[in-house]
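Visitor: I would like to learn how to read the features of a protein model, one step at a time. Could you guide me through this one?

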Amino acid sequence: MRASRLVLRAVDEGWVVRAADPVDARRTLLTLTHAGREQVDRTHGFRRQVFARVMEDWPDADRTEFARLLTAFVGSFGQVTRGAGGS
């Protein structure tokens, strides 16, 4: 799905509002609404619950190592995608 469709859906759901960028009229600014923040919070909560269930029988050391590796992966992924023209 293209980003424009994702944005349109988020606007239709009331999760974000669009506004013209006062500095650059070619750009559109998206602002998370209260409903959008609630949706983000629900999604994060759901993800935490799933991770907890998946790892409930893992030793603490394995959970700690997984968290370290996942954090490193996400950080590196962000650097690579920003460097490749992503934002």
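**Reading salt bridges, loops and a pocket**

Guide: Let us begin with a pair within one helix: Arg-37 and Asp-41 both lie in helix H2 (residues 34-54), where they are four residues apart, about one turn of the helix. Please keep in mind as we go that this is a predicted model.

Visitor: How do the side chains of Arg-37 and Asp-41 meet?

Guide: The general idea is that side chains of opposite charge can pair when their charged atoms come close. In this case the side chains of Arg-37 and Asp-41 meet in a salt bridge, with 3.4 Å from N to O. Arg-37 is partly exposed, with a relative accessible area of 41%, and Asp-41 also counts as partly exposed, at 41% relative accessibility.

Visitor: How many salt bridges does a search of the whole structure find?

Guide: The search finds four salt bridges. One of them joins the side chains of Arg-68 and Glu-65, at 2.7 Å from N to O, and these two residues both lie in helix H3, three residues apart, which is about one turn of the helix. Arg-68 counts as partly exposed at 47% relative accessibility, while Glu-65 is partly exposed with a relative accessible area of 36%.

Visitor: Where is Asp-21 placed, and is Asp-21 buried or exposed?

Guide: Asp-21 has its place in the loop between strand E1 (16-20) and E2. To judge burial we compare the relative accessible area with a cut-off, and buried means under 20%. Asp-21 has a relative accessibility of 10%, and therefore it counts as buried.

Visitor: What does the side chain of Asp-21 meet in a salt bridge?

Guide: The side chain of Asp-21 meets that of Arg-27 in a salt bridge, at 3.7 Å from N to O. Arg-27, for its part, is partly exposed, with a relative accessible area of 48%. In addition, a polar atom of the Asp-21 side chain lies 2.8 Å from the backbone nitrogen of Val-23. If we leave aside the neighbours within four places in sequence, Asp-21 is in contact with Arg-27 and Leu-29.

Visitor: In which strand does Thr-28 lie, and with which residues is Thr-28 in contact, leaving aside its neighbours within four places in sequence?

Guide: Thr-28 lies in strand E2, which covers residues 28-32, and, with those neighbours left aside, Thr-28 is in contact with Arg-18 and Ala-19. Thr-28 has a relative accessible area of 48%, so it is partly exposed. We can also set distance in sequence beside distance in space: Thr-28 and Arg-82 are 54 residues apart in sequence and 19 Å apart in space, taken from C-alpha to C-alpha. In the same way, Gly-75, which is found in helix H3 (residues 60-83), is 48 residues along the chain from Arg-27, and their C-alpha atoms are separated by 27 Å.

Visitor: Which residues line the largest pocket?

Guide: The general idea is that rolling a probe the size of a water molecule over the atoms shows where empty space is left. Here the largest pocket holds about 160 Å³ of space, and its lining is made up of Ala-3, Leu-6, Val-7, Arg-9, Ala-10, Trp-15, Val-16 and Leu-30. Helix H1 (residues 3-13) gives the largest share of that lining, with five residues. By character, the lining divides into seven nonpolar residues, no polar ones and one charged.

Key. Residues are numbered from 1 along each chain as its sequence is written. This is a predicted model: local features need pLDDT of at least 70, side-chain atom pairs count only at pLDDT 80 or more; totals for chains, interfaces and linings use all residues. Side-chain values use heavy atoms; hydrogens and water are left out. Buried means under 20% relative accessible area, exposed over 50%, partly exposed in between (1.4 Å probe, protein chains only). Contact means heavy atoms within 4.5 Å. On a 1 Å grid over the protein atoms alone, a cavity is a set of points where a 1.4 Å probe fits but cannot get out, and a pocket is an open set with protein on both sides within 12 Å along at least five of seven lines; lining residues have an atom within 4 Å of a point. Grid points are joined across faces, edges and corners, and a volume is the space filled by probe spheres set on the points. Ala, Val, Leu, Ile, Met, Phe, Trp, Tyr, Cys and Pro count as nonpolar, Asp, Glu, Lys and Arg as charged, and the others, Gly among them, as polar. A polar contact is a pair of N or O atoms within 3.5 Å; within protein, one must be able to donate a hydrogen and the other to accept it, and residues adjacent in sequence count only if both atoms are side-chain atoms.
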